[in-house]
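Visitor: I'd like to learn how to read a ligand site. Could you walk me through one?

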Amino acid sequence: MKRDYLMITASLSLAAVAYMFGTAAADELPKLKEKKNYKVGFSQTESNNPWRLAETQSVKDEAAKRGDQLVYTDAAGSAAKQVADVNSMIAQGVDVILLAPREEKPLVPAVMAAKKAGILVILLDRRVDPVAKPGVDYLTFIGSDFVDEGKRAADWLAKKTNGKATIIELQGTTGSSPANDRHTGFVEGIKDHPDMKIVASQTGDFARDKGRQVAETLLQAHPDATAIYAHNDEMALGAIAALEAAGKKPGSDVIVISIDGEKDGLQAIADGKLACSVECNPRLGKKAFEVIDKYAKGEKIPTWVKSDDRLFDDSNAKENVATAY
Ligand code: AHR
C-alpha cells in the first residue's frame with residue numbers, strides 16, 4: 001500500500017501533489033455557488049494615500065449596497081502581513097478574496113493557498129508575478145494598463161518639450177506591478193527621442209513625503225533636470241514641494257508629470273504646478289462585485305477587466321476637481 005502510494009506520487013507533478021492535499025484541482029479555478037449574499041474578503045495593501053482610501057471606499061460601498069458581508073484587512077505596507085491577512089480570510093471561510101497585492105512576487109503564495117483551499121481570488125488594481133495565471137490560479141485582474149499609463153505620460157512630455165528633457169523619475173513601491181510597468185511604459189515612450197533622458201531613478205514608495213525627500217536629494221545631484229516623472233500624484237506633490245523649497249518654479253523651471261488623477265493632483269494642475277496626470281481609476285468596487293455575480297452565474301470572465309482611463313492636463317483638470325477623490 002505504502003509502495004503504491006509512493007509510486008503514484010512519484011509519477012505526478014509537484015503541483016498536482018500539492019493540490020492532492022487541498023480542495024481545488026491544480027488546473028482549474030475554484031467554483032462559486034450562486035447566492036443572494038456572499039462573504040467577501042478584501043485585502044488592502046495600505047491606507048496611506050487618497051487613491052487607496054478611494055479604492056477601499058468603493059469596495060465597502062458596493063458590499064453594503066448588496067448586503068454582502070465584507071472581511072476587510074489593511075496590510076499597512078507589509079507584504080508579509082498581507083500574506084497572513086489572506087491566510088486568515090481563508091481560515092474564516094470567505095467565498096471570494098479581492099486582493100490588492102502590494103508586490104508581485106511575495107503575494108503569489110497567498111493566491112496559491114486560497115486556490116488550494118477552494119477559494120476564488122480576484123486581483124484588484126495590482127498584479128502578482130505571472131507564475132500565477134489568470135483563469136487558472138485566480139479568476140481575473142481588474143484594473144488599469146500600467147504600461148500604457150507610463151507610455152502616455154512619456155508621449156505627453158515628448159509633445160510638450162519637443163522631445164528634449166532631462167528627467168528625474170520617482171518610482172512607486174519597489175517590486176509592485178505599477179512601479180515595474182510604469183517604468184517600462186515610460187522607457188518605451190521616450191526610446192525614439194534621443195534628447196529625452198532619465199538621469200536618475202529612485203523609489204519614493206508612492207508616498208508624498210518620501211517623494212519629497214527623494215526629489216530633494218536627486219535635484220541636488222541633478223540641478224540641470226528639466227522634468228520630473230512621478231509614478232503617482234502623491235510623489236509628484238512631494239516633488240513640487242521639494243522644487244519650491246529649492247527656489248525653483250514647478251511648471252516653468254521643471255515640468256512635473258504623474259499618474260492617478262486624485263483631487264490634490266488635479267488642483268495642482270489647475271494651479272499650474274503639475275503639468276499632467278494620467279488617470280488610474282481606483283473606484284473598482286462595483287466592477288469587482290459584478291464579476292463575482294457573473295462568475296457564479298457561469299458566465300465567462302475575461303482574464304483582464306480593464307479600466308478605461310482619461311488624461312488630465314490644463315485643458316480639463318479644473319472641471320474635474322469636484323468629482324475627484
Ligand atoms: O496600484 C495603483 C497605485 O497604487 C496608485 O497609482 C498609487 O497611488 C497607489 O498606491
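Guide: Here is a short tour of the ligand and its surroundings. The model is predicted, so to speak with its own filters: local features need pLDDT of at least 70, side-chain atom pairs count only at pLDDT 80 or more, and totals for chains, interfaces and linings use all residues. Residues are numbered from 1 along each chain as its sequence is written, and side-chain values use heavy atoms, leaving out hydrogens and water.

Visitor: Which residues are around the ligand?

Guide: A residue is near if one of its heavy atoms lies within 4 Å. Here that gives Asn 49, Trp 51, Arg 52, Asp 125, Arg 126, Pro 178, Arg 182, Phe 206, Asn 232 and Asp 260.

Visitor: Which polar side-chain atoms lie 3.0 Å from an oxygen atom of the ligand?

Guide: A polar contact is a pair of N or O atoms within 3.5 Å. Arg 126 has one at 3.0 Å from a ligand oxygen, and so does Asn 232. For Arg 182, the distance is 2.9 Å.

Visitor: How much of the ligand does the protein bury?

Guide: Accessible areas come from the Shrake-Rupley method with a 1.4 Å probe. Alone, the ligand exposes 290 Å², and the protein buries 100% of that.

Methods:
A polar contact is a pair of N or O atoms within 3.5 Å; within protein, one must be able to donate a hydrogen and the other to accept it, and residues adjacent in sequence count only if both atoms are side-chain atoms.
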